[in-house]
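Dear colleague,

I am passing on the structure below, and I would be glad if you could look through it alongside the notes that follow.

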Amino acid sequence: MTLNSKFLVSLNGGDFIFSKKTVSLVIATLVIIVGCSNNDSNDTKKSYDEKVANNEEITGLGVEGYVKKRTSNRGFLFEVTKEHQMFKTGTLIDVRVDKETMLDELEVGQNVSVWLSGNILESYPPKIKGLKIEIKDSVN
């Protein structure tokens with residue numbers, strides 16, 4: 001091996017020589033350890049579903065749009081009116097909720113924000129679970 005492929009490290013008056021392979025392995029290990037560390041707060045790590053189960057407040061950005069049609073006592077058709085990371089403007093979504101009471105004050109034409117969770121069923125329109133609905137105002 002040539003001298004260029006080795007690193008000289010001096011610690012406490014002693015000299016150590018490491019190969020590039022050894023140094024690369026140590027750096028890769030440190031990157032993996034730091035990348036897998038658990039530094040996030042519990043609040044950001046909890047899923048929306050866990051927060052609902054524990055009656056905690058759901059925060060963050062919901063999908064904005066308006067109620068196009070009630071589809072059942074626990075569902076409604078929702079049209080996205082503001083671009084979202086998951087949905088484009090104009091996308092129709094069939095939102096389902098666990099509790100009928102979540103839809104008690106919901107009327108066709110209302111502007112709402114909806115917090116969604118779970119798998120998006122590949123159908124037309126896509127179906128997804130609604131966890132929180134915030135009524136903004138009426139379109140009338």
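How many bridges join β3 to β6, and do the two strands run parallel or antiparallel? Four bridges join them, and the strands run antiparallel; strands here are DSSP runs of E with at least two residues, numbered from the N terminus, and two strands pair if DSSP finds at least two bridges between them.

Before going further, please note that this is a predicted model, in which local features need pLDDT of at least 70 and side-chain atom pairs count only at pLDDT 80 or more, while totals for chains, interfaces and linings use all residues. Residues are numbered from 1 along each chain as its sequence is written, and side-chain values use heavy atoms, with hydrogens and water left out.

**Strand pairing**

Within the β3 and β6 pairing, E64 stands opposite S113 of β6. Strand β3 also pairs with β4, in the antiparallel sense and over six bridges, and these two strands form a hairpin with two residues between them. One of the bridge partners across that hairpin is L77 in β4, which is matched with K69.

**Salt bridges**

The structure holds five salt bridges, the term meaning a side-chain nitrogen of Lys or Arg within 4 Å of a carboxyl oxygen of Asp or Glu. One of them links E79 and K68, whose closest N and O atoms are 3.3 Å apart. Because E79 lies in strand β4 (residues 75-80) and K68 in strand β3 (residues 63-72), this pair ties together parts that are eleven residues apart in sequence. E79 counts as buried at 17% relative accessibility, whereas K68 is partly exposed, with a relative accessible area of 37%; buried means under 20% relative accessible area, exposed over 50%, and partly exposed in between, using a 1.4 Å probe and protein chains only.

A further salt bridge joins R96 to D94, with 2.8 Å between the closest N and O atoms. Here D94 is buried at 6% relative accessibility, and R96 is partly exposed with a relative accessible area of 33%.

The side chains of K129 and D98 likewise meet in a salt bridge, at 3.1 Å from N to O. K129 belongs to strand β7 (residues 127-138) and D98 to the loop between β5 (92-96) and β6 (110-121), so the pair ties together parts that are 31 residues apart in sequence. Both partners count as partly exposed, K129 at 29% relative accessibility and D98 at 49%.

**Aromatic residues and the core**

A search of the whole structure finds one aromatic pair, the criterion being ring centres of Phe, Tyr or Trp (its six-membered ring) within 6.5 Å, with planes under 30 degrees apart counted as stacked, over 60 as edge-to-face and the rest as tilted. The pair is formed by F76 and F78, which are edge-to-face at 6.2 Å centre to centre and 85 degrees between the planes, and both residues are buried.

The same two residues reappear in the largest nonpolar core, a set of buried Ala, Val, Leu, Ile, Met, Phe, Trp, Tyr and Cys residues joined through side-chain atoms within 4.5 Å: of its 16 residues, F76, F78, I93 and L116 touch the most other members. The elements that give two or more residues to this core are β3, β4, β5, β6 and β7. Leaving aside neighbours within four places in sequence, F78 is in contact (heavy atoms within 4.5 Å) with residues including V63, Y66, I93 and V114.

With best regards
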